[in-house]
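Trainee: Could you take me through the side-chain interactions in this model, with a close look at one aromatic pair to begin with? I'd like to see how the rings, charges and backbone details fit together.

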Amino acid sequence: MSKHHHDGGRKRGLWSSRFGFIMASAGSAIGLGNIWKFPYITGMHGGGAFVLFYILCIFLVGIPIMLGEMVIGRHTRRNPVGAFRSLRGGIWTVTGWLVVAAGFVILSYYCVVAGWTLDYLLLSLRGAFSGQNAAQVPGLFSKLLASDARQLFWHAVFMSSVVAIVLRGVSKGLEKANKIMMPLLFLILLFLAVYGVLSPGGAPALHFLFSPDWSKLTPLVLLEALGQALFSLSLGMGAMLTYGSYADDGTNLPAAACAISFMDTCVAILAGLAIFPIVFTYGMQAAGGPGLVFKTLPVVFSRMPAGTLFAALFFLLLVFAALTSALSLLEVVVAYYCDEKKWDRRRAALLIGFVIFLLGVPSALSNGILKDIVFIGERNFLDSVDFLASTVMLPLGGLLIAVYTGWALTTRVAKSEIEKGEVRFHLYPVWHFLIKYITPVLVALVFLNKIGVF
Ligand code: TRP
């Protein structure tokens, strides 16, 4: 039996258990951002100091906004647009529109990148990396990018899987998929991290990740860490708001926000522990950039014992991570159409999935036939939508949500929402102070920096 929340005669889904809620939210947070992006930007920004500041951002910005989103979601039991409309309406409804629009945009290219991970999973299962030398492996990635057909195919496969899960609903679709995939992901990653740390590159990797070199810490690096914290925790886009709206009243939201942020950070660091020892063992570039996963790791997989197995495990993990994150992106938009437009979930998932698939087509072709067409600042289509979403829409969404939570949501509403059931939140004043004065200022700094004001 799946649980429902009755909302004026209409049924809305509920998580069947608190564990399910936490797994699904952790699944949303843990994604390509942790396993692909975190290691490469840590590598580019010099390691330890970046990691330390990233963790500080999780506390000062990440956890406060996450709790804010969950409180708004559970209090209103609505999608982002409906939530803001029912709380304040007016200008704040625009915040809801902004975040739902961001869902369309992010998912369209997220599916394309996730498609690459599926392609790499197949490549590794076929043993394509074994026997290849370091000069040949990066060529595999260029070949994939040059093939419009392959990218379109995997984009379609990935999107279909997302739709197939979302249309099953909250507890039978989202929750079940996450409960299976997330623990498996932890196990695979833990294994790879232990393997990495015990390898010859383990010691330099630990040094690189955990002993800060303060000379590498520039203001820009600080801002970069903040932006990464938002993206990695799935904030600023109403994902945690929507997932929070399916949580039952006794759920301890502050504890959930801390647990999810903790797991997300652990996975990012485990990914670093899996990747950097290999990078150091084989004398590769830590600052290898976005190609780190697709171009460098397979080189290593081609040389190490049982490399085919490790490669398959690793890309399977990336596929899981991407899939559970993509679920939350589609769910935000589907929740909007179900709540506000009264569509049924099946229809919403299929139709919106198809529209977002179409939106993603130019991204899938952006390194092939469309590669000469540039948009925002010399970027191809995929990089342009990524820029638009993660540097404009997300920080703006995060800022508005923080300002709303800190300044417009009354203590009476926020505190009583958090303390429903048996929950006591002794740190309420700390959270309230952060979300009112600290968080919005920090996010505003990132935003102004990203759009080039300073
Ligand atoms: N957090 C995910 C990652 O690390 C991506 C993601 C899923 C996301 N849902 C989101 C990012 C909502 C921002 C907003 O890959």
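Mentor: Happy to! Let's start with F21, which is buried because its relative accessibility is 1%. Keep in mind as we go that this is a predicted model. The ring partner of F21 is W15: the two form a tilted aromatic pair, with 6.3 Å from centre to centre and 40° between the planes. An angle of 40° gets the label "tilted" because stacked pairs have planes under 30 degrees apart and edge-to-face pairs over 60. W15 is also buried, at 2% relative accessibility. In general, a pair of aromatic rings is described by the distance of the centres and the angle of the planes.

Set that beside F354 and F357, a stacked pair with 6.4 Å between the centres and 25° between the planes. These two sit three residues apart in helix α15 (residues 345-364), so about one helical turn separates them. F357 is buried, with a relative accessible area of 18%; the cut-off for buried is under 20%.

The whole count comes to 37 aromatic pairs. Some of the rings join up further: W116, Y120, F129, F141, F294, F301, F314 and F315 are linked into a cluster by ring pairs. Rings also meet charges here. K37 lies over the face of F231, at 5.0 Å from the ring centre, and K415 lies over the face of Y428, at 5.9 Å from the ring centre.

One more phenylalanine takes us to the surface. F375, together with I373, I376 and L388, makes a nonpolar surface patch of about 320 Å². L388 belongs to helix α16 (residues 381-408) and counts as partly exposed, at 35% relative accessibility.

Staying in helix α16, we find L399, which is buried at 17% relative accessibility. Leaving aside neighbours within four places in sequence, L399 is in contact with P440, V443 and A444. There is a long-range approach as well: the C-alpha atoms of L399 and G236 are separated by 7.5 Å, although their positions lie 163 residues apart along the chain.

Now for the charged side chains. A search of the whole structure finds 12 salt bridges. In one of them, R18 meets D248 at 3.4 Å, N to O. R18 is in helix α1 (residues 18-29) and D248 is in the loop between α11 (239-244) and α12 (253-281), so this pair ties together parts that are 230 residues apart in sequence. Both ends are partly exposed: R18 has 44% relative accessibility, and D248 has a relative accessible area of 21%.

Another bridge joins the side chains of D119 and R150 at 2.9 Å, N to O. This pair links distant parts of the chain, with D119 in helix α5 and R150 in helix α7 (residues 148-166), 31 residues apart. The setting of the two ends is worth a look: D119 is buried, at 4% relative accessibility, whereas R150 is partly exposed, at 26%. A further salt bridge brings R424 and E419 together at 3.8 Å, N to O, and E419 is buried, with a relative accessible area of 16%.

Helix α5 (residues 91-125) also holds T93, a residue that counts as buried at 8% relative accessibility. Not counting residues up to four places away in sequence, T93 touches V81, F84 and R85.

Salt bridges can join into networks too, and here R74, R77, D249, E417 and K420 are linked in one. R77 deserves a second look for its backbone. This residue lies in the loop between α3 (48-76) and α4 (80-87) and has a positive phi of about 50°, although it is not a glycine. Most residues other than glycine have a negative phi. R77 is also buried, with a relative accessible area of 7%. A306 is another case of a positive phi without being a glycine, at about 55°; its place is the loop between α13 (292-303) and α14 (307-340).

Definitions and conventions:
Residues numbered from 1 in each chain as written. Predicted model: local features only at pLDDT ≥ 70, side-chain atom pairs only at ≥ 80, totals over all residues. Heavy atoms only, no water. Phe/Tyr/Trp six-rings, centres within 6.5 Å; stacked < 30°, edge-to-face > 60°. Buried < 20%, exposed > 50% of the residue type's maximum accessible area, 1.4 Å probe, protein only. Helix = DSSP H or I, 4+ residues; strand = E, 2+ residues; numbered from the N terminus. Lys NZ or Arg CZ within 6 Å of the ring centre and 35° of its normal. Patch = residues over 30% accessible without salt bridge, like charges linked within 9 Å, V, L, I, M, F, W, Y side chains within 5 Å. Areas by Shrake-Rupley, 256 points an atom, 1.4 Å probe, with all protein chains shown as cover. Salt bridge = Lys/Arg side-chain N within 4 Å of Asp/Glu carboxyl O. Contact = heavy atoms within 4.5 Å.
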